[in-house]
Amino acid sequence: MNRRPTLLAAAAMTAAAVLSLSACGGGDSDSKDEDKIAGADSNPGGQKEKSPSPKASEEDGVDRPEIKLPKDVKNVFEGGKTGDPKKDAVLADHERMLDSIDEAITVHAEDHPALKFYSKGDALLSAGRYVESFYKANTTWVGETRYFNREVTLLKGGAAAVTYCGDDAKAYSKDRKTGKVDRTGDSGDSNDFTFYSTRMEKNTKGVWQAARITSDERSEKCGR
């Protein structure tokens with residue numbers, strides 16, 4: 001079965017539930033909710049592993065948390081360099097943002113510092129709800145998610161918008177306790193693609209963070 005509801009359709013939960021999840025370090029927000037998230041235990045599954053350690057980027061000098069996905073989990077990002085250094089930097093951090101969410105879903109650790117490092121505000125709360133919904137359902141996922149038709153628009157005021165499509169046809173739900181993978185109900189139909197739009201804002205550390213995410217399931221914009 002395809003692993004996702006869309007990111008924003010991931011369940012109506014209170015902010016208190018989100019606070020159980022995330023992640024230390026990296027944010028630039030003054031939000032009280034985000035301050036609480038920064039110090040909270042992000043291991044709802046109860047299993048403790050050493051958290052990913054910060055790893056400096058050789059390209060821009062930013063000290064970034066390392067993101068490691070399990071071997072059976074893969075995100076494929078189609079469309080590489082745009083030729084515009086600023087747009088390329090936005091796309092690179094946008095990829096890291098999506099990987100950070102999937103790391104929080106699939107990797108048991110004491111905390112997931114990358115989650116807050118690459119998301120803030122409404123986007124961070126949405127990501128928290130999304131991750132928590134997997135733990136509440138006692139599921140994770142395996143397989144491959146494809147992201148395509150990725151475009152960056154530079155906005156007035158210094159922000160950027162990233163639009164893209166998500167294809168979960170090769171991603172499957174996995175029971176956390178039994179390890180059983182559910183491969184039923186996978187149509188692979190282009191009508192199942194989801195169109196996303198993400199507002200990205202650059203913080204004082206030079207990191208492009210997701211600030212707001214919207215989604216449109218079964219969007220004609222993702223048809224091929």
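Eight salt bridges, 8 by count, were identified under the distance rule applied here, in what is a predicted model rather than an experimental one. Several of these pairs are described below, together with the elements in which the partners lie and the degree to which each partner is covered.

One of the salt bridges brings together the side chains of Asp-72 and Lys-174, with a nitrogen-to-oxygen distance of 4.0 Å. Asp-72 belongs to the loop that runs between strand E2 (63-65) and strand E3 (73-77), whereas Lys-174 is part of strand E5 (residues 160-175), and the pair therefore ties together parts of the chain that are 102 residues apart in sequence. Asp-72 is classed as partly exposed because its relative accessibility is 37%, and Lys-174, with a relative accessible area of 24%, is likewise partly exposed.

A further salt bridge is formed between Arg-150 and Glu-95, whose closest N and O atoms are 3.0 Å apart. Since Arg-150 lies in strand E4 (residues 139-154) and Glu-95 in helix H3 (residues 85-106), this pair ties a strand to a helix across 55 residues of sequence. The two partners fall into separate classes of burial: Arg-150, at 14% relative accessibility, counts as buried, while Glu-95, at 25% relative accessibility, counts as partly exposed.

In the salt bridge between Glu-201 and Lys-120, the closest N and O atoms are 2.7 Å apart. This pair also links distant parts of the chain, with Glu-201 in strand E7 (residues 194-202) and Lys-120 in the loop between helix H4 (113-117) and helix H5 (121-136), the two residues being 81 residues apart. Glu-201 has a relative accessible area of 22% and is therefore partly exposed, whereas Lys-120, with a relative accessible area of 17%, is buried, because the class of buried residues is bounded at 20%. Beyond these pairs, Arg-64, Asp-93 and Arg-96 are joined into one network by salt bridges that share partners.

A covalent link is present as well, the structure holding 1 disulfide. This disulfide is formed by Cys-165 and Cys-222, with their sulfur atoms 2.1 Å apart, and the link is left-handed, with -90 degrees about the S-S bond. Cys-165 is located in strand E5 and Cys-222 in the segment after strand E8 (208-217), so that the pair links distant parts of the chain, 57 residues apart. Both cysteines, Cys-165 and Cys-222, are buried. Strand E5 thus carries a partner of two of the links described, namely Lys-174 of the salt bridge with Asp-72 and Cys-165 of the disulfide.With regard to the overall fold, the secondary structure of the chain comprises 5 helices and 8 strands, arranged along the sequence in the pattern α-α-β-β-β-α-α-α-β-β-β-β-β. Among the contacts in the chain with a separation of 6 or more, 71% are accounted for by residues 24 or more positions apart. Of the 224 residues in the chain, 48% are buried, and the accessible surface of the chain comes to about 11,000 Å², with 46% of that area belonging to carbon and sulfur atoms.

How values were computed
Residues numbered from 1 in each chain as written. Predicted model: local features only at pLDDT ≥ 70, side-chain atom pairs only at ≥ 80, totals over all residues. Heavy atoms only, no water. Helix = DSSP H or I, 4+ residues; strand = E, 2+ residues; numbered from the N terminus. Buried < 20%, exposed > 50% of the residue type's maximum accessible area, 1.4 Å probe, protein only. Contact = heavy atoms within 4.5 Å. Areas by Shrake-Rupley, 256 points an atom, 1.4 Å probe, with all protein chains shown as cover. Disulfide = S-S within 2.5 Å.
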